[in-house]
Amino acid sequence: MRRDLCDGVGVARLLNATLVLPKFEVAAYWNESSGFADVFDVDYFIHQMNGFVKVVKELPSEIASREPVHVDCSKRKGHFDYIESVLPSLLKHHYIAITPAMSQRRDRYPKYAKAALCQACYSALRLTRSLEKKASDLLEAIPKPFLSLHLRFEPDMVAYSQCEYSGLSAVSMNAIEAARGDKKPWTGELAQIWRKRGKCPLTPNETAFMLQALHIPKTTNIYLAAGDGVMELEGLASVYKNIITKSAILSGDDFASMHGNTKAALDYYVSINSDSYIATYFGNMDKMVAAIRAFKGLYKTLFLSRRAFADLTSKGLEGEELMQALWKAHMDDFVMGIGSALPDCFCEFKL
């Protein structure tokens, strides 16, 4: 959602349009109805965007009762696409709603649109005072130094990946099956090809193995930046004993009353301020965390390679031999501590 919001700011600047504070469409993720103001400081955002993009909280009364004209931007590549095919709709209807552009080429934006997007991502999006206080208290309570680990092995993630796993508990398998819907797993040779492309999320057990391959001590304090439904967590916790979770630090009632995206905001805050950050996936949160850590000069950031793990295990490597091969596969990124998302971060100038 943060990425899409930043993209919306960039597009609004390209079109010289006014941005209306968006509504969060989060039912697909957490079945909740929290909004922008539940996570971000609205007035601060509007003030910080002044001079970059005009932002309003509500629609003008004369068009508030109308449905916006929906414009599909899912395949837009750069600013000429928006000027040539989206701007005419805006000029005609005056009020449009755009869909996120997954293939966005933000690096091709003119500098003024880049500046607006970067201002939104790195300066204007501040958590609400109450949520930032909670995140700060959480960060303070975590034993230092610590590693923030973004672990993605929830039933919906595994179902979405269409990957098959052996050796999981019956509880985990049932949860995955319940989340699959129409997305059936690849089988046979296609499953092997899919896995070797690095499409399959790492299990907690595989994650623990890779952390050991990187010589990360078993006594390391690890903050688990993850949703409530991570499966097979004992595969990590049995090796790395100092696992810290937000549910263990926050009080029961306080934690239970939080929305899913406010919990995710806590993970984001802790991750960008952690001593080091490791991700088992290459999702939107990972890219945003890596980019802002680079922007802040915090370079101990690493993405574990699912492709390297799948390729090496398919060759029959195991045990110490596999550990040495995994270390070689990650060594350059590990030593540099930059992570593979950083070339996407073009916001190299201070705003």
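Start the tour by selecting helix 1 (residues 2–15) together with helix 17 (residues 284–295), whose axes come within 9 Å and cross at roughly 65 degrees. Angles of 65 to 115 degrees count as roughly perpendicular, and helix 1 and helix 17 are therefore described as roughly perpendicular to each other. Keep in mind from the outset that this is a predicted model. If you show side chains here, you will find Arg2, Arg3 and Cys6 of helix 1 meeting Asn284, Met288 and Ile292 of helix 17. Sorted by class, this contact of helix 1 with helix 17 has three nonpolar, one polar and two charged residues.

Keep helix 1 on display and add helix 6 (residues 79–93), which packs against helix 1 at an angle of about 75 degrees, with the two axes 10 Å apart. Helix 1 and helix 6 are therefore also roughly perpendicular to each other. The contact is made by Val11, Leu14 and Leu15 on the side of helix 1, and by His79, Tyr82, Ile83, Val86, Leu87 and Leu90 on the side of helix 6. By class, the contact of helix 1 with helix 6 divides into eight nonpolar residues, one polar residue and no charged ones.

Now move on to Asn16, which lies in the loop between helix 1 and strand 1 (19–20). What is the sign of phi at Asn16? The value is positive, near 55 degrees, in a residue other than glycine. Most residues other than glycine have a negative phi. Asn16 is exposed, with a relative accessible area of 67%.

For a second residue with a positive phi, select Glu232, a residue other than glycine whose phi is near 55 degrees. Glu232 is placed in the loop between strand 6 and helix 13. Is Glu232 buried or exposed? Its relative accessibility is 15%, so Glu232 counts as buried, the cut-off for that term being under 20%.

The next stop is Pro68, in the loop between helix 5 (61–64) and strand 3 (69–71). Pro68 counts as buried, at 14% relative accessibility. Leaving out residues up to four places away in sequence, Pro68 touches Tyr95, Ile96 and Ala97. Although Pro68 and Ala97 are 29 residues apart along the chain, their C-alpha atoms are separated by 5.7 Å.

Another proline to select is Pro145, found in the loop between helix 8 (129–141) and strand 5. Select Lys144 along with Pro145, and you can inspect the cis peptide bond that joins them, with omega at about -10 degrees.

From there, go to helix 12 (204–213). Seven of the 10 residues of helix 12 are buried, so this helix is largely enclosed by the rest of the structure. Which residues of helix 12 are the buried ones? They are Pro204, Glu206, Thr207, Ala208, Met210, Leu211 and Ala213. To see what covers these residues, colour the surrounding elements, which include strand 5 (146–150), strand 6 (221–225), helix 13 (234–237), strand 8 (276–279), helix 18 and helix 19 (319–336). Helix 12 is followed by His215, which has a positive phi near 65 degrees.

Stay in this region for the second largest pocket, which has a volume of about 480 Å³. This pocket is lined by 26 residues, and Glu164, Tyr165, Ser166, Arg195 and Glu206 lie nearest its centre. The elements giving two or more residues to the lining are helix 11 (188–196), helix 12 (204–213) and helix 18 (306–314). The lining residues divide into 11 nonpolar, nine polar and six charged.

Next, select Cys200 in the loop between helix 11 and helix 12, a residue that counts as buried at 6% relative accessibility. Setting aside its neighbours within four places in sequence, Cys200 is in contact with Cys163, Tyr165, Trp194, Arg195 and Arg306. Two of these names, Tyr165 and Arg195, also appear among the residues nearest the centre of the second largest pocket.

Finish at Lys263, which lies in helix 16 (residues 260–272). Lys263 counts as buried, with a relative accessibility of 11%. Apart from residues up to four places away in sequence, Lys263 touches Asp228, Lys246, Phe255 and Met258.

Key. Residues are numbered from 1 along each chain as its sequence is written. This is a predicted model: local features need pLDDT of at least 70, side-chain atom pairs count only at pLDDT 80 or more; totals for chains, interfaces and linings use all residues. Side-chain values use heavy atoms; hydrogens and water are left out. On a 1 Å grid over the protein atoms alone, a cavity is a set of points where a 1.4 Å probe fits but cannot get out, and a pocket is an open set with protein on both sides within 12 Å along at least five of seven lines; lining residues have an atom within 4 Å of a point. Grid points are joined across faces, edges and corners, and a volume is the space filled by probe spheres set on the points. Helices (H or I, at least four residues) and strands (E, at least two) are DSSP runs, numbered from the N terminus. Ala, Val, Leu, Ile, Met, Phe, Trp, Tyr, Cys and Pro count as nonpolar, Asp, Glu, Lys and Arg as charged, and the others, Gly among them, as polar. Buried means under 20% relative accessible area, exposed over 50%, partly exposed in between (1.4 Å probe, protein chains only). Contact means heavy atoms within 4.5 Å. Axes are lines fitted to C-alpha atoms, for helices over the stretch in contact, and angles run from 0 to 180 degrees between N-to-C directions. Angles under 35 degrees count as roughly parallel, over 145 as roughly antiparallel, 65 to 115 as roughly perpendicular and the rest as oblique.
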